[in-house]
Amino acid sequence: MVVEPLRRLGFLTIGLFDGADPRAGHESTLRIIELGERLGFDSAWVRHRHLQYGISSPVAVLAAASQRTSRIDLGTAVIPLGWENPLRLAEDLATVDVLSGGRLNPGVSVGPPGHFAAVRDALYPDTADQEDFGYPRVRRLLDLVRGEPASDFSGTEGFESFSDRVQPHSPGLASRIWYGGGSLGSARWAGETGLNLLTSNVVKAEDSADFDRIQLRLIREFRAHHPDGDKARVSQGLVVIPTDSATPEQRAKYLAYAESRTPRTNSPQGPARMLFARDLVGSSAEIVDRLAANTAFGEVSEVAFALPFTFDHDDYVQILTDIATRLGPALGWRPTT
């Protein structure tokens with residue numbers, strides 16, 4: 001039995017594309033977001049991938065999505081801030097939030113850029129050793145989004161007017177910023193900072209190898225330190241693949257995909273001891289039973305189910321349709337129209 005009805009249903013996509021024809025993949029992502037709105041999903045999220053064949057500029061993609069949708073929330077899960085200048089990012093986020101009518105939900109994370117040794121000369125040729133990739137980078141972004149001064153100059157110069165804070169300013173955007181946390185320390189910090197928490201299908205195995213137990217502790221640690229307590233927003237993101245309307249070929253593909261990824265769920269991976277959740281593949285009824293046994297799922301009322309990385313557009317259409325019309329309602333969710 002699910003502890004409480006699911007209030008908000010979202011999905012997450014990586015937005016893969018062919019390097020020789022990148023427009024097609026980006027267009028597919030936009031069409032999937034449009035479909036999500038028609039199906040009544042509450043939110044659509046895009047992953048961030050640098051120097052890969054996935055969305056490298058989710059804020060730009062969501063700007064386009066904001067003009068092709070009118071209701072669905074649009075999120076990033078997540079923007080790694082090590083690649084970003086917080087001032088410029090604050091301007092981009094505020095611009096897209098204004099264009100979308102206040103629907104942007106930026107998710108961010110900290111840490112050095114991936115493969116930093118290989119990319120540092122291109123990204124920070126003169127300041128790599130001075131850059132702070134920790135939590136202060138998030139605080140800078142938050143302060144700038146909230147309207148704290150970004151300059152000690154404002155007023156008129158000739159025919160031009162200047163502001164001392166980021167423009168446009170979008171009231172309410174700061175309350176919709178999420179932090180992607182996978183460790184107890186990051187969950188605690190996000191709570192203390194008053195952010196929302198994104199918890200996904202990967203966590204840090206600090207003192208346990210039980211994924212569900214670890215994720216449950218993250219959620220409770222976050223809320224224990226958040227000003228809103230038990231009402232603090234947490235979104236869970238697992239890979240969920242309902243097969244109700246799938247063809248036999250699709251079912252075989254989905255099961256093979258999940259099976260190929262199962263070994264990484266058996267024990268923590270790498271020096272950071274990252275632990276992955278199992279992908280949930282099966283009928284909506286079977287997935288409901290598996291989610292009901294997931295104690296972390298019982299603690300949340302909103303989710304952003306992740307779409308598999310490498311599937312075809314038609315597969316995503318089938319999966320999203322089954323989630324919206326079968327799985328979501330079985331979890332107590334009702335579509336927004």
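## Exercise 1: The second largest pocket

**Task.** Find which residues lie nearest the centre of the second largest pocket, and work out which elements help to line this pocket.

**Solution.**
- Step 1. Phe211, Asp212, Ala277, Arg278 and Asn294 lie nearest the centre of the second largest pocket, which has 15 lining residues. Keep in mind that you are looking at a predicted model.
- Step 2. Turn to the elements: at least two lining residues each come from H7, strand E12 (274-276) and helix H9 (284-292).
- Step 3. Sort the lining by class, and you get nine nonpolar, two polar and four charged residues.
- Step 4. The volume of the second largest pocket is about 290 Å³.

## Exercise 2: The largest pocket

**Task.** Describe the largest pocket by its volume, its central residues and the classes of its lining.

**Solution.**
- Step 1. Begin with the space inside the largest pocket, which is about 1300 Å³.
- Step 2. Its lining counts 46 residues, and Arg47, Arg49, Val78, Ser109 and Val202 are the closest to the centre.
- Step 3. Strand E3 (residues 73-80) gives the largest share of this lining, with three residues.
- Step 4. Divided by class, the lining of the largest pocket holds 23 nonpolar, 18 polar and five charged residues.
- Step 5. Look again at Val78, which has its place in strand E3. The peptide bond that joins Ala77 and Val78 is cis, with omega about -5 degrees.

## Exercise 3: Enclosed spaces

**Task.** Say how many cavities of 30 Å³ or more the structure holds, then describe the largest and the second largest.

**Solution.**
- Step 1. Rolling a probe the size of a water molecule over the atoms reveals where empty space is left.
- Step 2. Four cavities of 30 Å³ or more are found in the structure.
- Step 3. The largest cavity has about 70 Å³ of volume. Its lining is made of 13 residues, and those nearest its centre are Arg8, Ser43, Trp45, Arg233 and Glu302.
- Step 4. Three strands each give at least two residues to that lining: E1 (8-13), E2 (43-46) and E14 (302-306). The classes in the lining of the largest cavity are five nonpolar, four polar and four charged.
- Step 5. The second largest cavity holds about 40 Å³. Around this space stand Leu184, Glu206, Asp207, Ile214, Arg217 and Leu218.
- Step 6. Helix H7 (residues 211-224) provides the largest share of the second largest cavity's lining, three residues. In this lining three residues are nonpolar, three are charged and none is polar.

## Exercise 4: The nonpolar cores

**Task.** Identify which residues touch the most other members of the largest nonpolar core.

**Solution.**
- Step 1. The largest nonpolar core has 91 residues, and the two that touch the most other members are Phe41 and Phe305.
- Step 2. Now follow Phe41, setting aside its neighbours within four places in sequence: its contacts include Leu9, Phe11, Ile72, Leu320, Ile323 and Trp333.
- Step 3. Another core of six residues lies apart from the largest one, and its members include Val119, Tyr124, Ala128 and Phe133.

## Exercise 5: Ser170 and its loop

**Task.** Decide whether Ser170 is buried or exposed, and find the side chain that it joins in a polar contact.

**Solution.**
- Step 1. Locate Ser170 in the loop between strand E6 (160-162) and strand E7 (178-180).
- Step 2. The relative accessible area of Ser170 is 9%, so Ser170 is buried, as the cut-off for buried is under 20%.
- Step 3. The side chain of Ser170 meets that of Asp97 in a polar contact of 2.5 Å.
- Step 4. Beyond its neighbours within four places in sequence, Ser170 is in contact with Ala94, Asp97 and Val98.
- Step 5. Pro168 is also in the loop between E6 and E7, and the peptide bond from Gln167 to Pro168 is cis, with omega near 0 degrees.

## Exercise 6: Two positive phi angles

**Task.** Give the phi of Leu51 and of Arg273, then judge how exposed Leu51 and Arg273 are.

**Solution.**
- Step 1. Most residues other than glycine have a negative phi.
- Step 2. Leu51 is not a glycine, yet its phi is positive, about 55 degrees. Leu51 sits in the loop between E2 and helix H2 (58-66).
- Step 3. With a relative accessible area of 73%, Leu51 is exposed, the cut-off being over 50%.
- Step 4. Arg273, not a glycine either, has a positive phi of about 55 degrees. Arg273 is found in the loop between helix H8 (248-261) and E12.
- Step 5. The relative accessibility of Arg273 is 39%, so Arg273 counts as partly exposed.

Terms used: Residues numbered from 1 in each chain as written. Predicted model: local features only at pLDDT ≥ 70, side-chain atom pairs only at ≥ 80, totals over all residues. Heavy atoms only, no water. 1 Å grid on protein atoms, 1.4 Å probe; cavity = no way out; pocket = protein on both sides within 12 Å on 5 of 7 lines; lining within 4 Å. Points joined across faces, edges and corners; volume = space filled by probe spheres on them. Helix = DSSP H or I, 4+ residues; strand = E, 2+ residues; numbered from the N terminus. Nonpolar A, V, L, I, M, F, W, Y, C, P; charged D, E, K, R; others polar. Core = buried A, V, L, I, M, F, W, Y, C linked by side-chain atoms within 4.5 Å. Buried < 20%, exposed > 50% of the residue type's maximum accessible area, 1.4 Å probe, protein only. Contact = heavy atoms within 4.5 Å. Polar contact = N/O pair within 3.5 Å; in protein donor to acceptor, adjacent residues only side chain to side chain.
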